[in-house]
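Colleague: Please choose one part of this model, look at it closely, and then work outward from it into the surrounding structure. I would like the local description first and the overall picture last.

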Amino acid sequence: MSQAKILWVDDEIESLQSQKLFLENKGYDVHTLTNGYDALDYVKENIIDVVLLDETMPGITGLETLAKIKEINQQLPVVLITKNETENLMNEAIGSQISDYLIKPVNPNQVLLSLKKIIENRRLVAEKTTSTYQQEFRNLFMALNSNPDYNEWMELYKKLVYWELEMEKSDSPEMQEVFQTQKNEANTEFFKFISKNYASWVNPKSTDAPIMSPTLFRYKILPHLEKGKPLFVILIDNLRYDQWKAIQPIFSESFRIQEEETFYTILPTATQYARNAIFAGMMPAEIEKSFPQQWKNDDEEGGKNLFEADFLKAQLKRVLKTDIKHSYTKVLNHQDGQKLVDNIHNLLQNDLNVIVYNFVDMLSHARTEMEVLKELASDESSYRSLTASWFEHSPLHQALKKIADKPLTLVIATDHGSVRVKTPCKVVGDKQTTTNLRYKHGRNLNYEPKEVLAFRDPKEAGLPVPNVNSSFIFAREDGYLCYPNNYNYYSNYYKNTFQHGGVSLEEMIVPVIRMTNK
């Protein structure tokens, strides 16, 4: 690494010669000056990495010099060094965006630590991240191979997301590749786990199943109803756990997080199945039986999620045995979002408010269709940052900020996640076969059995039977299902897009978060 250049400005610089020597021995190039005017001229003419700045100097003070340095170069880190410990000086210094604050007399190690934090932070964090992950790698590997149950899978997935976010700090492509391999291996094992256990979970007689879409309201939402304290449930469509982690800091500014959990979405991990199951509190086969007019199969005309409000009302009555004052709002576009901002105060009079917010789903579909979004969300990391940027500037965030100071409970959940697909798999089906890339149902489906999870009898998976002999198949890991005609065109077109409907950690293990006002 080339020598970092330090400018140290202090009117008693003579008495600091030993400190200057100490830093030079540590490999820093230190230039000293005795007043703010000379410092400003020097900053204009030279490239510097950090300024160490005394607060009390004749001529112009350290704070005045700081303000002028920031005008010349806003990004230049400045460490203010002062004898003065008054709080308002500290506040003013922090408000002026100093990088650190040291109280005189300073010892050489204090200065060194401050410089390391500023100059070498990224490198040190990257090195530490890489070495810690190397230690954790074995633990994750052992956990994967110790036959985890459904709770352990949720914990494992949280750990993988934690490391995926940590890896963004590491600048080692090799380590990122090692991590990617481990995540792929986790998805391979998870697919086997789901293949073995899913049918028993959704069997009505099951006594041991995780919380899933149909039981989400009963166990994770309705227990938090309180008289006089409205409960807001925001269901953000297609929100993965790592995307939640990307928007969590924005929520934390206004709300206190009480519980951060995950649950399992049903198959297909697609809106019309998973979201209807959440609101009805039933598996799709039961919904079809109880609401024959409202349920629509994939191949039927008309909207598939038009009756969520009816399903919710029926579930509330069934579970609570009483009517409660509740509202259901669906936000499909920016205008609906603005309406929500204008109306959110009125919702405080209800016991329960459910808001379905469609954005992330539109983002993933638009990313498939639009070249510019493929650039902006080329991988998981940029997909997360796009989600965070959307949320920060969204009407949803504005609306929530308006009620953040009121006593309330807020639950954030989703209907399913999505996975970036990379491996095309051939499927042959008749005209009635559905077009979804991560699951298909139809008659006479022809496929490679090891590439999918298949239910020849949809009832085993709690799903309606649209036609005699229809079966359901679900893509595994990062696979996507393509027809043989125009195979190369479609496999290239959809490669690396975010899809949902199948079996992967990213689609099936999704967040449910409970917060209260601060």
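Modeller: A residue is called buried here when its relative accessible area is under 20%. With that cut-off in mind, I would begin at Arg 275, which lies in helix α11 of what is a predicted model; its relative accessible area is 2%, so Arg 275 is buried. The helix around Arg 275 shares this character: ten of the ten residues of α11, which covers residues 271-280, are buried, and the helix is therefore largely enclosed by the rest of the structure. Polar and charged side chains are included in that count, among them Thr 271, Gln 272, Arg 275 and Asn 276, alongside residues such as Tyr 273, Ile 278 and Phe 279.

The surroundings of Arg 275 can be listed directly. Apart from its neighbours within four places in sequence, Arg 275 is in contact with Leu 235, Asp 237, Ala 270, Asn 305, Glu 308, Lys 330, Val 356, Asn 358 and Asp 415. The two ends of α11 also have backbone features worth inspecting. Ahead of the helix, Pro 268 is found in the loop between β7 and α11, and a cis peptide bond with omega of about -10° joins Leu 267 to Pro 268. Behind the helix comes Gly 281, with a positive phi near 70°.

Several of the partners of Arg 275 lead on to a sheet. Leu 235 falls in strand β6 (residues 231-236) and Val 356 in strand β9 (residues 352-357), while Lys 330 falls in β8 (326-331). These strands belong to an open sheet of six, in the order β7-β19-β10-β6-β9-β8, with mixed pairing. The edges are taken by β7 (255-264) and β8, each of which has a single partner strand, so that one side of each is left without a neighbour in the sheet. On average, and with direction ignored, neighbouring strands of the sheet are turned by 15° against each other. Within the sheet, β6 and β9 run parallel and are joined by six bridges, and Ile 236 stands opposite Tyr 357 in β9.

Two helices can be placed against this part of the sheet. Helix α13 (residues 308-320), which includes the Arg 275 partner Glu 308, lies across β8 and β9 and runs at about 155° to β8. Helix α14 (residues 334-343) also packs on the sheet, where it touches β8 and β9, and its direction makes about 145° with that of β8.

A further packing arrangement involves helix α10 (residues 241-254) and helix α17 (residues 380-392), whose axes come within 8 Å and cross at roughly 35°, in a right-handed sense. On the α10 side the contact is made by Asp 242, Gln 243, Ala 246, Ile 247, Ile 250 and Phe 251, and on the α17 side by Tyr 383, Arg 384, Thr 387, Ala 388, Phe 391 and Glu 392. By residue class, that contact divides into seven nonpolar, two polar and three charged residues.

Helix α1 (residues 17-25) offers a useful contrast with α11, since its buried residues are Gln 19, Lys 20 and Leu 23. Viewed down the axis of α1, these buried residues fall within an arc of 100°, so they line one face of the helix, whereas Ser 18, Leu 21 and Asn 25 on the other side are exposed. The cover over the buried residues of α1 includes β1 (5-9), β2 (29-33), β3 (50-54) and α5 (108-119). Gly 27 follows α1 and has a positive phi, near 100°.

Elsewhere, another cis peptide bond joins Lys 104 and Pro 105, with omega of about -5°, and Pro 105 lies in the loop between β5 (100-103) and α5. Asn 147 is not a glycine, yet has a positive phi of about 55°; it sits in the loop between α6 (121-144) and α7 (150-167).

For the overall picture, the protein comes to 20 helices and 19 strands, and 51% of its 518 residues count as buried. Its C-alpha trace spans about 90 × 55 × 40 Å along the principal axes. Among contacts with a separation of 6 or more, 75% are between residues 24 or more positions apart.

Conventions. Residues are numbered from 1 along each chain as its sequence is written. This is a predicted model: local features need pLDDT of at least 70, side-chain atom pairs count only at pLDDT 80 or more; totals for chains, interfaces and linings use all residues. Side-chain values use heavy atoms; hydrogens and water are left out. Buried means under 20% relative accessible area, exposed over 50%, partly exposed in between (1.4 Å probe, protein chains only). Helices (H or I, at least four residues) and strands (E, at least two) are DSSP runs, numbered from the N terminus. Two strands pair if DSSP finds at least two bridges between them. Axes are lines fitted to C-alpha atoms, for helices over the stretch in contact, and angles run from 0 to 180 degrees between N-to-C directions. Contact means heavy atoms within 4.5 Å. A crossing is left-handed if the near helix is turned anticlockwise from the far one by less than a right angle, and right-handed if clockwise. Ala, Val, Leu, Ile, Met, Phe, Trp, Tyr, Cys and Pro count as nonpolar, Asp, Glu, Lys and Arg as charged, and the others, Gly among them, as polar. The arc is that of the directions from the helix axis to the C-beta atoms.
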